[in-house]
Every structure is written in C-alpha cells, then in structure tokens.
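Visitor: Hi, I'd like to look through a structure with you. Could you put it up so I can ask a few things?

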Amino acid sequence: MELYGRDAAEQRVKAELDDFFGQARTQVSRAIGYPPRLESIARVDFYAHEQQLALALYRALRPVWQQAAEQVNLCDPVADRRALDRAILDRAQQQALSQANRITNTTRRQVAAAIADHAAGRIGRRDYYSRLRTIFTGPRLDAMATTMVTQAAVGGMELAVRACERAQGQQYRRVWKISDRERACQICLPLNGTDKDVWGLRFP
C-alpha cells in the first residue's frame, strides 16, 4: 500500500534535515577551525546534535506513522484506538532516537575521516571543504528522507494491521507492492512482490 502524500512527507523530513544539517555544518566548521586537527573534533558537542536531530525527526516522522496507520481500513478504525495511538507515538519516538544516533555517529566518523585525510596530505583545503559539503548537504540527506519515510509508513501500517488482526482473530498476508517502479529506490525495488518474511528483514 502506497503512502498517500508521500512526496509531501519526504519534503517535510528533508526540510527538517536541511535545517538541522545547515546549522550543524556551521557549528562543526567553526568548532574545528582550519587547519583541522583530529583532536579538534572533541570540541564538537555531537551528543547535543543527536538530541536536536531526534526532536526534529520526531516532528517530521510522527505524522507519517499516524497517516499510514489511518490508511489501513481492514477493521473499525475506532477499535483499540488508544492502544494504537500509544504504540504509534512510542514507535515514532524510537525511530527518531535510533536514526538520530545512527546518523550522528556516521557524521562524526565521516568528519573525522575528512580531517585525517587532510592531516595526511591526501586532500587539500578545497577538497576538505568539499567533503564537508557532501556530509552535510545533498544526496545523503535525500536518501535519509526517503528511507525514513518508508520506515515510518511501513511501521504505521504494520501497527494498524496487527491491531485489526487482534480484533478479528485472523492474520493478513503482507505483500510489498510498488505501483511506480521508476520512482522506487534501490532498497525498495528488489522487495516488490515479496512477503514479510523477506521485506521484514529490511523493514522490521
């Protein structure tokens, strides 16, 4: 089942990422200075960055979880609604915290690698700042937004299906279907037509 308004959802997540990483790039560059040294990375408060990113992602992803759950009309949407709403809030928070942690750790490693390459003479000033741009802007953020919206959409739908299964005492088959193959990402496209025992390995 495709998420209604997926483009708008991705744009919201991307906007949060653009805003956060725009500020983070400035803060990191100022804290490290030039020429960059590995010990300078200790001046960057990556923990604070992680907490700020988690809040931004939660703002953007919680509506996706809610909308995806509401699209599932296998049973009375009022049935066990409070429990479903609580589960959505919990899972959206878990996703935001988990993704913020993963993204922050990856960002720290990539910044450290850029500093190390500069210190070793493998890249100069121009290439160093170019590396920072690729870390904090561009395709990396686009890929993050696409992946996280898919995770939230699948998660919201799955919670709603499970609620219906409990209410009706039956199980539904979950088949991954892609309606627009040209727009599908390289992660999702191979999953087309597979059951949950396959696509659930990528989107548990």
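Visitor: Let's start with Thr137. Is it buried, exposed or partly exposed?
Guide: Thr137 is partly exposed, because its relative accessible area is 32%, and buried would need under 20% while exposed would need over 50%. Keep in mind that this is a predicted model.

Visitor: Okay, and where does Thr137 lie?
Guide: Thr137 lies in the loop between H4 and H5. You could also place it against Arg91: the two are 46 residues apart in sequence and 27 Å apart in space, going from C-alpha to C-alpha.

Visitor: You said H4 and H5. How many helices and strands are there in the chain?
Guide: The chain has 6 helices and 0 strands. Reading from the N terminus, the elements go α-α-α-α-α-α.

Visitor: And what does the C-alpha trace span along its principal axes?
Guide: About 65 × 35 × 25 Å. The chain has 204 residues, and 43% of them are buried.

Visitor: What share of the contacts comes from residues 24 or more positions apart?
Guide: They account for 73%, counting the contacts in the chain with a separation of 6 or more.

Visitor: Let's go to H5. Which residues is Thr150 in contact with, leaving aside its neighbours within four places in sequence?
Guide: Thr150 is in contact with Arg6, Trp176, Cys188 and Phe203. This threonine lies in helix H5, residues 139-168. Thr150 counts as buried because its relative accessibility is 6%.

Visitor: What about Val154, buried or exposed?
Guide: Val154 is buried, with a relative accessible area of 14%. Val154 lies in helix H5 too. Leaving aside neighbours within four places in sequence, Val154 is in contact with Trp176, Trp199 and Phe203. So Trp176 and Phe203 turn up for Thr150 and again for Val154, with contact meaning heavy atoms within 4.5 Å.

Visitor: How far apart are Val154 and Ala119 in space?
Guide: They are 43 Å apart, C-alpha to C-alpha, with their positions 35 residues apart in sequence. For Leu189 and Glu2, the C-alpha atoms are separated by 13 Å, and these two are 187 residues apart along the chain.

Visitor: Where is Leu189 found?
Guide: Leu189 is in the loop between H5 and helix H6, which covers 196-199. Leu189 is partly exposed, at 23% relative accessible area.

Visitor: New topic: aromatic rings. How many aromatic pairs does the structure hold?
Guide: It holds 7 aromatic pairs. One of them is Tyr34 with Tyr128: the ring centres are 6.2 Å apart and the planes sit at 50°, so the pair is tilted.

Visitor: Why tilted?
Guide: Because 50° is neither under 30 degrees, which would be stacked, nor over 60, which would be edge-to-face.

Visitor: Which parts of the chain does that pair link?
Guide: Distant ones: Tyr34 is in the loop between helix H1 (6-32) and helix H2 (46-71), while Tyr128 is in helix H4 (residues 125-136), 94 residues apart. Tyr34 is partly exposed at 33% relative accessibility, whereas Tyr128 is buried at 1%.

Visitor: What sits over the ring of Tyr34?
Guide: The charged end of Arg125 does, 4.3 Å from the ring centre. Also, the peptide bond from Tyr34 to Pro35 is cis, with omega near 0°. Pro35 lies in the loop between H1 and H2.

Visitor: Which residues form a cluster through ring pairs?
Guide: Phe20, Phe21 and Phe136 are linked into a cluster that way.

Visitor: Last topic, helix packing. How do people describe it?
Guide: Two packed helices are described by the angle between their axes and the distance between those axes.

Visitor: At what angle do the axes of H1 and H3 cross?
Guide: At roughly 40°, and the axes come within 13 Å; H3 covers residues 81-119. That makes H1 oblique to H3. The crossing is right-handed.

Visitor: Which residues meet there?
Guide: Phe21, Val28 and Ile32 in H1 meet Ile103, Thr107, Val111 and Ile115 in H3. Phe21 is the residue from the ring cluster.

Visitor: And how do H2 and H3 cross?
Guide: Their axes come within 7 Å and cross at roughly 140°. That makes H2 oblique to H3. H2 passes H3 in a right-handed crossing.

Notes
Residues are numbered from 1 along each chain as its sequence is written. This is a predicted model: local features need pLDDT of at least 70, side-chain atom pairs count only at pLDDT 80 or more; totals for chains, interfaces and linings use all residues. Side-chain values use heavy atoms; hydrogens and water are left out. Rings of Phe, Tyr and Trp (its six-membered ring) pair if their centres lie within 6.5 Å; planes under 30 degrees apart count as stacked, over 60 as edge-to-face and the rest as tilted. Helices (H or I, at least four residues) and strands (E, at least two) are DSSP runs, numbered from the N terminus. Buried means under 20% relative accessible area, exposed over 50%, partly exposed in between (1.4 Å probe, protein chains only). A charge sits over a ring if NZ of Lys or CZ of Arg is within 6 Å of the ring centre and within 35 degrees of the ring normal. Axes are lines fitted to C-alpha atoms, for helices over the stretch in contact, and angles run from 0 to 180 degrees between N-to-C directions. Angles under 35 degrees count as roughly parallel, over 145 as roughly antiparallel, 65 to 115 as roughly perpendicular and the rest as oblique. A crossing is left-handed if the near helix is turned anticlockwise from the far one by less than a right angle, and right-handed if clockwise.
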